[in-house]
Amino acid sequence: QHFIKINDRVNLATTWYNMGNTCVQLFDFEDANRFYTQAREIFDEHDYLLNSTDCLYGLAWLHLLEGNFHIALHELAECELHYCETKQIREVILCQLDRAEAYLGLNLFLDAREAAEQAGRGASKLGIVYETAKAELFRGKALEALGRRAAARRAYRNAETGFEKEKNSGFAAATRLAMAQTDSAELRRLETIRAARQSFGRAQLPLWEAICDLQILAVRPEEATAARRLARNKAARMVPHMTAQYHTLLGDLEARKKNLAKAVTHWTHAADILDGLRAKLPPLEMRSSFFSNRSEPHRRLIEATQDDNPREAAIWSERHKTAGLWSTSDDFYMSNPTRTRIQESLSELAKYFAAISKIRPDVEASRTATAPTPRGLRKLQREIHDQLVRLEQPSTGNQPGAGIHGLITRLSRQQTVVQFHMGDKDLLVFVHESGKTRAVKYTDGTRILN
């Protein structure tokens with residue numbers, strides 16, 4: 001109020017920026033967005049590029065929490081560019097770390113490892129321990145997902161040592177929590193999760209507390225204390241993918257009590273959230289990779305409805321595979337300058353493959369032919385990936401799966417439609433004929449097909 005009264009707009013913007021940071025910590029996302037946006041507008045008016053970029057960085061982290069990975073990656077790329085231009089090397093590293101975290105959230109583990117290693121190299125050069133340790137933590141997570149368990153363990157140990165050196169008990173606990181995920185001894189794993197949760201509580205990190213409680217509930221569904229804590233934790237309500245996981249687990253609890261109607265309500269809520277997040281992503285590998293380990297509510301809904309309501313099960317099966325529509329204006333691709341750059345990159349990629357095709361097994365040919373280097377090919381693939389992502393437009397926001405029921409009815413009156421769903425073990429076949437649907441289950445069919 002004081003800065004408004006004396007018309008000191010720059011200090012007003014700084015105050016709004018700080019309020020935005022506070023609102024993010026309190027999971028008041030709407031207010032945080034408003035404060036960051038207002039502050040950035042003022043900083044732009046006064047040509048305070050660095051301050052404006054700080055606001056954009058805050059928005060990027062906010063969008064990561066909201067599950068808007070696509071938008072966050074754009075914003076982080078812009079921040080990284082501005083920080084490079086203004087020689088803010090530590091901030092560049094922070095952008096790279098957040099990029100690694102975004103890729104982990106999307107299950108793009110090669111990209112996550114690459115971003116973490118890039119950040120780690122920069123942080124090591126500067127001698128900054130916290131950022132180096134965080135890079136090792138993210139690298140360990142990526143390596144673990146890629147099946148390189150020994151290398152992941154080394155990275156985790158490096159991260160834990162760094163965080164302990166910095167006396168950062170919160171992230172030291174996060175590292176131990178990551179290491180515990182593959183511990184086959186359930187009791188020991190639970191002890192590690194509970195110990196980590198206590199550390200997060202002392203450090204006042206509600207997001208990580210919620211992560212621990214979700215993991216406890218997944219292992220011990222009967223643990224009512226964890227469920228009650230989650231009900232009070234704002235992170236479990238405001239971070240969408242965590243909300244979806246929470247409702248999936250609540251559905252499982254109701255199913256164990258034989259309250260199938262309540263279970264279906266929770267699973268449906270979880271599926272709607274995940275479909276909405278997936279629909280915001282471009283239909284490249286991002287959408288399928290994001291969903292690669294998040295299909296639990298859809299699978300439960302298919303199983304819950306396949307006997308009594310096969311049409312509903314068929315709709316959930318279709319949503320499981322194709323949720324979310326992506327649309328652009330008719331002339332968008334033709335008029336977008338990114339199209340030209342993509343065509344140039346694809347032409348360059350074609351040259352690489354032409355070079356590969358000229359290599360002969362004989363010694364003389366292998367001496368003279370020029371083969372692409374793995375690093376060069378990877379760089380070109382990354383360029384094409386980034387250009388295609390930039391070409392995408394935001395989702396129309398249509399409810400995923402809307403109209404599938406009517407579409408099935410309409411088509412099945414014209415011809416018989418056969419729809420397959422491969423479960424974890426069983427193969428389900430939905431037959432749509434004359435406006436009606438029936439389901440046939442082939443026990444162990446998925447394994448037999450594989």
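This briefing covers one protein chain, with a focus on helix H8 and the helices it packs against.

The model is predicted. The protein chain has 25 helices and three strands. Of its 450 residues, 46% count as buried. Among contacts between residues at least 6 apart in sequence, 57% join residues at least 24 apart.

**Helix H8 on its own**

- Helix H8 covers residues 129–145.
- The 17 residues of H8 should span 24 Å at 1.5 Å a residue. The C-alpha atoms at its ends lie 25 Å apart, which agrees with that expectation.
- Burial is extensive in H8: 13 of its 17 residues are buried, so the rest of the structure largely encloses the helix.
- Gly 147 comes just after H8 and takes a positive phi of about 85 degrees.

**H8 against H6**

- Helix H6 spans residues 89–105. H6 and H8 pack at an angle of about 20 degrees, and their axes are 10 Å apart.
- The two helices are therefore roughly parallel to each other, since an angle under 35 degrees counts as such.
- The crossing of H6 and H8 is left-handed.
- On the H6 side, the contact is made by Arg 90, Ile 93, Leu 94, Leu 97, Ala 100, Glu 101 and Leu 104. On the H8 side, Glu 131, Lys 134, Ala 135, Phe 138, Lys 141 and Ala 142 take part.
- By class, the residues of the contact of H6 with H8 are eight nonpolar and five charged, with no polar ones.

**H8 against H10**

- Helix H10 runs over residues 169–180. The axes of H8 and H10 come within 11 Å and cross at roughly 15 degrees.
- That angle makes H8 roughly parallel to H10.
- The crossing of H8 and H10 is left-handed.
- H8 contributes Tyr 130, Lys 134, Leu 137 and Lys 141 to this contact. They meet Phe 171, Ala 174, Thr 175 and Ala 178 of H10.
- The contact of H8 with H10 holds five nonpolar residues, one polar residue and two charged residues.
- Lys 134 and Lys 141 of H8 are named in the contact with H6 and also in the contact with H10.

**Positive phi outside glycine**

- Asn 107 has a positive phi of about 60 degrees, although it is not a glycine. Its place is the loop between H6 and helix H7, the latter covering 109–126.
- Asn 107 counts as buried, because its relative accessibility is 11% and the cut-off for burial is under 20%.
- Lys 167 is not a glycine either, and has a positive phi of about 60 degrees. Lys 167 sits in the loop between helix H9 (149–165) and H10.
- Lys 167 is exposed, with a relative accessible area of 74%. Burial thus separates these two loop residues: Asn 107 is buried, whereas Lys 167 is exposed.

**A buried serine in H4**

- Ser 52 is found in helix H4, which covers residues 49–65.
- At 3% relative accessibility, Ser 52 counts as buried.
- Leaving out residues up to four places away in sequence, Ser 52 touches Arg 40, Phe 43 and Asp 44.

Technical notes: Residues numbered from 1 in each chain as written. Predicted model: local features only at pLDDT ≥ 70, side-chain atom pairs only at ≥ 80, totals over all residues. Heavy atoms only, no water. Axes fitted to C-alpha atoms, helices over the stretch in contact; angles between N-to-C directions. Helix = DSSP H or I, 4+ residues; strand = E, 2+ residues; numbered from the N terminus. Parallel < 35°, antiparallel > 145°, perpendicular 65-115°, else oblique. Left-handed = near helix turned anticlockwise from the far one by under 90°. Contact = heavy atoms within 4.5 Å. Nonpolar A, V, L, I, M, F, W, Y, C, P; charged D, E, K, R; others polar. Expected span 1.5 Å × (residues − 1). Buried < 20%, exposed > 50% of the residue type's maximum accessible area, 1.4 Å probe, protein only.
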